Amino acid sequence: MSLLSLHRLTASYGDSQALFGVDLEIAEGEAVAMMGRNGMGKTTTVHCICRMLPAHGTLVFDGHDLSRLPSHRAARLGIGLVPEGRRCFRDLSVTENLIAAARPGHWDAARVEALFPRLAERRGQRAASLSGGEQQMLAIGRALMTNPRLLILDEATEGLAPTVRQEIWQAVAALKAETGMALLVIDKSLKELRWACDRAVILERGRSVWSGTMAELTPEIGERHLGL
Amino acid sequence: EVKIGMITTLSGGGASLGIDTRDGFMLAMEAAGRDDVEVIIEDDQRKPDVAVQLADKMIQSEKVDILTGIVWSNLAMAVVPAATAQGKFYLSTNAAPAQLAGRGCNPNYFSVSYQNDNLHEAAGAYAKSEGYTNPFIMAPNYPAGQDSLNGFKRFYGGELAGEVYTKLGQTDYAAEIAQIRASGADSIFFFLPGGMGISFLKQYADSGVDLPVMGPAFSFDQAILQAVGEAAMGVKNGSNWSKDLDNAANAAFVSGFEETYGRLPSLYAAYGYDTANLLLSALDVAEPSDAEAFRAALKAAEFDSVRGEFSFDTNQHPIQDIYIREVIKEGEVYTNKIVATAIEDRSSAYVDECSMN
Amino acid sequence: MSPILLAEQVLNGLQSGVMLFLMAAGLTLIFGVMGLINLAHGSLYMIGAFAAAAVAGATGSFALALVAALAAAAAAGALIELLVIRRLYARDHLDQVLATFALILILSEGTRWLFGSFPLYLNMPAGLSGTVTLPGGIVYPVYRLALIAVGIAVALGLWWLNARTRLGIRIRAGENDREMIAALGVDISKLYTLVFAIGAALAGLAGALVGAIQSVQVGMGEPVLILAFVVIVIGGIGSIKGALIGALLVGLTDTLGGVLLPELFKLFTDPASAAATGSAFASMAIYVLMAGVLIWRPTGLFGART
Amino acid sequence: MADPVLATHGLSKAFGALQASDAISLELRAGEIHAVIGPNGAGKSTLIAQICGSLAPDAGRVEFLGRDVTQESTQARAARGLARTFQTSALAMEDTVLQNALLGALGASGRPWRFFSRASRDAALLDRAEAALEAVGIADLCELRTAELSHGQRRQLEVAVALTLEPKAFVMDEPMAGLGQEGSKRLTGFLDGLRAQAPILLVEHDMDAVFALADRISVLVYGKVIATGSVAEIRRDPLVRDAYLGDEA
Amino acid sequence: MSRERLLNGALLLALIVIPGWALYADEPFTITLATRAVIFALAAVGLNIALGLGGLVSLGHAVFFGIGGYAMGILASHAQSYTPLIEWPFVIEGTKSMPVIWLVAIVASSAAALLIGLLSLRTSGVYFIMITLAFGQMMYFFAISWPAYGGEDGLSIYVRNGFPGLNTLVPIQFYGLCLALLCLVLAFNARLMRSPFGLALDAARQVPERVRAVGLDPRRLQLVALVISGAITGLAGALFADLNRFVSPTMLSWQMSGEIMVFVIIGGVARLFGPVAGAGIYVLLEHLLGGVSEYWQIFLGLVLLMVVLFGKGGVVGMIAGRRRDG
Ligand SMILES: Nc1ncnc2c1ncn2[C@@H]1O[C@H](COP(=O)(O)OP(=O)(O)OP(=O)(O)O)[C@@H](O)[C@H]1O
Ligand SMILES: Nc1ncnc2c1ncn2[C@@H]1O[C@H](COP(=O)(O)OP(=O)(O)OP(=O)(O)O)[C@@H](O)[C@H]1O
Ligand SMILES: [Mg+2]
Ligand SMILES: [Mg+2]
């Protein structure tokens, strides 16, 4: 049974419709990449899953119908979000950012700091004054503090140095292997997605137009839907 | 048919004064039972511009003949000059600032209550007669406060232990009480209307300083005393009215007010009541449309004042006795009784400046 | 002026500062931490005082009166949050200003409708009345010393809540990004209701405690409101320490300004006009202080720099 | 050799104990793209802030067009022709895309004190704004409110606003961030042509773009420039590989 | 034609028709009420330039309103008593001529706005709200205790000032004068909103760092906006004092600042006719509810609350929908 399943999902910002029918299945422990050009609805889909934007259609997580739950209830079911643009709590220190999200489980501040030693160095610093990359690490750490079963990474490596990016992908892979956490990943680097994910869906103008395993994602498909 | 417009404060922090004014006024009106007199009552919210607007409305669209009811001097200053300039009569139930008694006096303006300085003057006269030689005097820093201290000094005339202006609306008087303690004063005179007086008296009572206290009646009036409680006991205050004044009109007023409204009347109620009766007495003689005759009828003051003897001076402010009252407790209720007459037949300090002599 | 009197006035200034902090404490929480401009804070203060006066009048017990003040203000706060404030977090400050301005009208006139227009009686408990003599010979009311103690306790409690508890951290996180903290599984709405009720209860407590030495009447909350805003802004929004220090500064400036400025002017003019001019400047003093602090430090003494 | 368009001499800035810039001296010459790379938190954005005037250095100088501008305000430097893009988009979200571009054109015109004429009818402003939007490929979005744009589209607008200034030098903080593969490719091509118009100081983590574009690369680590050189030299440098590039080299 | 334009037209028409009807039906007080609304609208249009366009939430606009009022009070009272305003270094006489008074009001309030702006614009957000409040309170307490011009009692002018060719004591003529000024200012405001200056100011409100990065100084833009705003509110103050033939420190109080702000918010922030709608509705409510009950302010509060909770963007926003620029 899949952990998350979306079927014919539609959503609008006020009068303008952004999603016209997105289908997506993620099984327990699976890593799925969501791809598409700029403005095709990837982030919108994520917002629907996290209940930050009302949606129509089927939206089921672990047997619970999400579409009636407020955002915090969806998160408590085990959906962790690393949002686009980081959105760290500016006026809180690094440690406080982590504490704010903490829920019981095997992730705690010490483990996050072990994963990102840079954060340990900046423990007391206000999030707003962190460098871009440091904020990104903090956003990932913060999502882990909720001990999610599904971790959503929306452009989580944006603005990270190549070395750090590699570290993060390794950490993500390790997480998956170790804890059986499922992943929904949005990222622009196809190379890294191939490495980290099992399957992919492609969105185009608010619709899911292709899905399959990473092996099935041929250059032709990439060219047609992603403009590669 | 005569229309009277009453503009007074019925909402917000100062509402209790306006409500008493209105209730006293209406008590007399209803007792008279005249159906040819209509009273229109509006709430000025204690804002001068609203008062002006209401006066305009009453004059322009209700076509009233007479205005009355304003509690506060600054509102009176906003309304009275313009209203009298348009030929309307104004009868003051309370506020009577110096300008309107002196250079700004007007044939169509009558103060039925007093001139603002009177009650302070009474306290000054009392301080002198008691032989105080070193009073500490205090008032908020605004025109009425400055008039108050000047009024006190006018009749006291001696040395002062200290003279302090507080901030308008101040609520904490620890600093002033410390100054009083250190000043070596033998008595205290203060004018702090409304909540300011309540705060001061509560804090003073708890400060360990124990000097005789004097003030104008405003801070020891019926409505306020209950909120001050024990802390006000024994305070001497200057007033031109008291509920124990011994005359028939007053007895009828006090019992009638208590019966109708279920509480004891205040100064403001008494002024309202007298104003209504003065008006009614004049209406018996002349119509407001005949301004000359009506003015003369008002000026004759042929009515039974709750204050006993009552007449108008040339500036159309009262000539009356002013007393000293002491705060006492009657059963569960705090109230006042007259203990002395401070000044007999007092007019006002500004009468000579008025050109209506 | 003798040194002992000066010392006493400094003490008075500090004391009035702590009292100001007590009045501002609830607002610090709501405004400083939740970022909500709540003009109706003064009304909650008034509700506390009226509830206390009513219960003290009925039962004669000051302790019960305090409980009533806390309960009534907290309940009013929770109700206001649920019905009105809740819809305003996402809006800008202006909508909050208008809505809470409307609440002032409703609450003030509602209170007047319930309790009438006359000031109420509320006095301190007999056990706390009277004075003690402090070292140095300063005679000081016991009740005011008790107020200082309560003020300091509230300051410590708030600081602890804000900086040391997860509740405090989450509230501040919500102030930065409500949507995000909810997406991390925190029921921020419930937290905000709770915080608002706590802030309201603190306002009610202050109303009852301060009401015992001031006048309990409709409209008593508005001057307090402005002073409380002054205090918080001088200290820097969101900083409990700042609010306390701001309160002390304001208390000292206000008290010493009122005492010293007339003395100063006595050097130049006669006592009567010196008293008037001095006090005129004194009434502007705290605003001059606030403007000065903000010009020097645009986000207050301890506010977050950007 | 001609004078550099933009140069820093010994720029230093500390945040408490942290030395975010440590005596940085860099040059941007006419016609070149000079990339600055380095690990996260190395001090790249801090360097840009000092170059553009939003942060005052503790020591050192910034020279622009041969003039010492260290003491000048941000807006004065911009008025001299220094254009920047922000790492986190700084756009007027309530306004339309076109209005954002018009703002840039207005800034470049240096005449904001006009109270009666209509901004959107000013042909000179309009031409500039539309040309810039066209250049980055979002001309068709010009009536949308900026808040309605996707993240990537905002990044494109960010570059367009800088273009409207027709500056003497560009300073760009991660312009590729948030762009998809296709978008990056397109922007890369565009920047390639832009260097003829004005040189670019480019901070970027997208190594494909950096390697494709840069004439020279400086590597910043812990606030210090540890290496400057051509693409090939930098790719070979073991220090840089270790500190930053990893397997990307 | 957009709904907002229709609404604006309807409002303008109401401002002409209602007093016209009142004149016909001989209801002079309705004209006075309308004059009050128009003057408040003018003050709020002034504030709206700072607040709506510039994002400068000033809780001190009563300063400008009051300065305008006192400009009229002081000049007219000196003219009334035939005493010169100052005698040294040169003699300045009072005046009862409206155009001169307006000019003085505008100059004085812009000067005050410049000074307050220079000091206050170092801060932003809530701190700006509070520092403007502080300046307001300073002026207020100064006026209360400054005896020369009446202190708290204020200054009474017995007869309204004059305007060449008009009898300002006739309510409809004075109304016409005020309305003409309001229309003039609205026309100016409409141009301003779309002008290059308006564009830059709007951006300075949203992203000052961007404005700096394109070479403009956001603080200077905001300062100019504040000065324009203060000048208009000052003009309204002079008219208001003339309407009441009276000026007092309440014109300088923070409640007055709050009221002007309330006009803007209920009408619709940054909407051209928002302040007009807001002031009109407020004056009307005050007038109608005042007779309902002694506790009428409860109802006023409820109405205001409904407007904020259910009408995003004020009354104009409710009727005309979201703002469209360009
Ligand atoms: N707040 C909003 N209001 C209105 N429209 C929006 C809003 N946010 C996004 N859109 C529109 O919805 C569409 C999908 O946007 P979304 O942010 O989901 O794209 P995306 O696939 O995440 O793109 P990117 O890679 O650029 O982040 C876009 O065309 C955008 O214009
Ligand atoms: N205001 C500040 N106070 C304290 N530390 C700061 C401040 N601003 C930046 N820093 C620190 O200075 C260092 C350099 O930051 P900077 O933003 O310049 O990094 P960067 O090179 O741009 O990194 P990235 O590539 O991640 O954006 C970081 O460690 C950051 O935490
Ligand atoms: Mg996206
Ligand atoms: Mg950076």
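What follows is a working chat about a predicted model, its two ligand sites and some of its chains.

Student: Let's start with ligand 2, then. Which chains does ligand 2 lie between?

Tutor: In this predicted model, ligand 2 sits between chains A and D. Its surroundings comprise 21 residues, and the closest of these are A:G133 on one chain together with D:N40, D:K44, D:S45 and D:T46 on the other.

Student: What is 2.5 Å from an oxygen atom of ligand 2?

Tutor: That is an N or O atom in the side chain of D:T46, which lies 2.5 Å from an oxygen atom of the ligand. From chain A the backbone takes part: a backbone N or O atom of A:S129 is 3.2 Å from a nitrogen atom of ligand 2, and a polar backbone atom of A:G132 is 3.3 Å from an oxygen atom of ligand 2. As for cover, ligand 2 taken alone exposes 640 Å², of which the protein buries 85%.

Student: And which elements each supply at least two residues of that shell?

Tutor: On chain A it is α6, residues 132-144, while on chain D both β2 (18-28) and α1 (44-52) do so. If you sort the shell around ligand 2 by class, you find twelve polar, five nonpolar and four charged residues.

Student: Now ligand 1. Why is the site shared between chains?

Tutor: The site counts as shared because the residues that surround ligand 1 come from chains A and D. There are 18 residues around the ligand, with A:G39, A:T43, A:T44, D:E148 and D:G152 as the closest.

Student: Which polar side-chain atoms lie 2.7 Å or 2.8 Å from an oxygen atom there?

Tutor: A:T43 places a polar side-chain atom 2.7 Å from an oxygen atom of ligand 1, and D:S150 places one 2.8 Å from an oxygen atom of the ligand. For D:G152 the partner is a polar backbone atom, at 2.8 Å from an oxygen atom of ligand 1. Ligand 1 taken alone exposes 640 Å², and the protein buries 83% of that.

Student: How many residues of each class are in the shell around ligand 1?

Tutor: The count is nine polar, five charged and four nonpolar residues. Among the elements, α1 (42-49) of chain A and α5 (151-164) of chain D each supply at least two residues of this shell.

Student: Switching topic: how far apart are the nearest C-alpha atoms of chain C and chain D?

Tutor: They are 12 Å apart, and chains C and D do not touch. Chain A and chain E do not touch either, their nearest C-alpha atoms being 11 Å apart.

Student: What does the fold of chain C come to in helices and strands?

Tutor: Chain C has eleven helices and two strands, and, reading from the N terminus, four helices come before the pair of strands, with the remaining helices after them. Its C-alpha atoms fill a box of roughly 65 × 50 × 35 Å along the principal axes.

Student: Why does its radius of gyration agree with a compact globule?

Tutor: A compact globule of 306 residues would have a radius of gyration near 19 Å, and chain C has 20 Å, so the two agree.

Student: Last one, chain E: where does UniProt place the feature "transmembrane region"?

Tutor: The unreviewed UniProt entry places that feature at several spans of chain E, including residues 35-56 and 126-149. In the model, residues 35-56 are 86% helix and 0% strand, with end C-alpha atoms 27 Å apart, whereas residues 126-149 are 83% helix and 0% strand, with end C-alpha atoms 33 Å apart.

Definitions and conventions
Residues numbered from 1 in each chain as written. Chains lettered and ligands numbered in written order. Predicted model: local features only at pLDDT ≥ 70, side-chain atom pairs only at ≥ 80, totals over all residues. Heavy atoms only, no water. Near = heavy atom within 4 Å. Polar contact = N/O pair within 3.5 Å; in protein donor to acceptor, adjacent residues only side chain to side chain. Areas by Shrake-Rupley, 256 points an atom, 1.4 Å probe, with all protein chains shown as cover. Nonpolar A, V, L, I, M, F, W, Y, C, P; charged D, E, K, R; others polar. Contact = heavy atoms within 4.5 Å. UniProt positions renumbered as here; feature names shortened; annotations may be inferred. Rg over C-alpha atoms; globule rule 2.2 N^0.38 Å.
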